[in-house]
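Colleague: I'm new to this one, so could you walk me through it?
Modeller: Sure, let's put it on screen and go piece by piece.

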Amino acid sequence: MRTILTILAWGLNLYSLMIIARALFLMLHPSGNRWTVLLQRITEPVLAPLRSLLARLFPRLPRNIDFSPVAAVLLIQLLERIILRMAR
C-alpha cells in the first residue's frame, strides 16, 4: 500500500510540473507549438473546472489573468501531502 501511495504522490508531482510547464510555454509562446498543445490536452480537464469555479467564487478577479494553474498546483500539493502522510 505504501508503494502505491508513493507512486500516486509522484504522479501528482509530475502533473504539477506539467501545469507549470504549460503556463510557462503559453507565456513565452502564446501561438502554441506541439508541446504546448500536448500539455493543454493533458492539463485542461483539471484547469477548466477550476477556472469556472474561481470565476464563480471570485467574480472580481481579472479575466485576462488565468489563476487556475496556481490553484491547481496548490490543491495538488495539498493532496500530495495528505497521500504522503497516509504512506507513513
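**Chat about the model**

Modeller: Let's start with Leu-28, which counts as exposed at 63% relative accessibility (buried means under 20% relative accessible area, exposed over 50%, partly exposed in between, with a 1.4 Å probe and protein chains only).

Colleague: Before we go on, what kind of model is this?
Modeller: This is a predicted model, where local features need pLDDT of at least 70, side-chain atom pairs count only at pLDDT 80 or more, and totals for chains, interfaces and linings use all residues. Residues are numbered from 1 along each chain as its sequence is written, and side-chain values use heavy atoms, with hydrogens and water left out.

Colleague: OK, back to Leu-28. Which helix does Leu-28 lie in?
Modeller: Leu-28 is in helix H1, residues 2-28. Helices are DSSP runs of H or I with at least four residues, strands are runs of E with at least two, and both are numbered from the N terminus.

Colleague: Which residues form the nonpolar patch on the surface?
Modeller: Leu-28 is joined there by Trp-10, Leu-14, Leu-17, Ile-20, Leu-24 and Met-27, and together they have about 760 Å² of accessible area. Patch residues have over 30% relative accessible area and no salt bridge; like charges are joined within 9 Å, and nonpolar side chains (Val, Leu, Ile, Met, Phe, Trp, Tyr) within 5 Å.

Colleague: Zooming out, how many helices and strands are in the protein chain?
Modeller: Three helices and zero strands, so to speak an α-α-α run from the N terminus on. The C-alpha atoms fill a box of roughly 40 × 35 × 15 Å along the principal axes.

Colleague: And what percentage of the residues count as buried?
Modeller: 25% of the 88 residues in the protein chain. The accessible surface comes to about 6,700 Å², with 69% of that belonging to carbon and sulfur atoms. Those areas come from the Shrake-Rupley method with a 1.4 Å probe, and for residues only the protein chains shown count as cover.

Colleague: How do H1 and H2 cross?
Modeller: Their axes come within 9 Å and cross at roughly 110°, which makes H1 roughly perpendicular to H2. Axes are lines fitted to C-alpha atoms, for helices over the stretch in contact, and angles run from 0 to 180 degrees between N-to-C directions. Under 35 degrees counts as roughly parallel, over 145 as roughly antiparallel, 65 to 115 as roughly perpendicular and the rest as oblique.

Colleague: What about H2 and H3?
Modeller: The axes of H2 (residues 34-57) and H3 also come within 9 Å and cross at roughly 110°, so H2 is roughly perpendicular to H3. Residues making the contact include Leu-47 and Leu-50 of H2 and Pro-69 and Leu-75 of H3. Contact means heavy atoms within 4.5 Å.

Colleague: Pro-69 caught my eye. Is Pro-69 buried or exposed?
Modeller: Buried, with a relative accessible area of 14%. Pro-69 sits in helix H3, residues 68-87. Leaving aside residues up to four places away in sequence, Pro-69 touches Ile-19 and Leu-47. The C-alpha atoms of Pro-69 and Leu-50 are separated by 8.5 Å, with the two positions 19 residues apart along the chain.

Colleague: Switching to charges, how many salt bridges does the structure hold?
Modeller: Three, a salt bridge being a side-chain nitrogen of Lys or Arg within 4 Å of a carboxyl oxygen of Asp or Glu. One of them pairs Arg-22 with Glu-44, the closest N and O atoms being 2.8 Å apart. Arg-22 lies in helix H1 and Glu-44 in helix H2, so this pair ties together parts 22 residues apart in sequence.

Colleague: How accessible are Arg-22 and Glu-44?
Modeller: Arg-22 is buried at 8%, whereas Glu-44 counts as partly exposed at 26%.

Colleague: Which residues do the other bridges involve?
Modeller: Glu-44 also pairs with Arg-51, with closest N and O atoms 2.8 Å apart. Asp-66 bridges to Arg-51 as well, at 3.3 Å. Asp-66 is in the loop between H2 and H3, and Arg-51 is in helix H2, 15 residues apart. Through shared partners, Arg-22, Glu-44, Arg-51 and Asp-66 are joined into one network.
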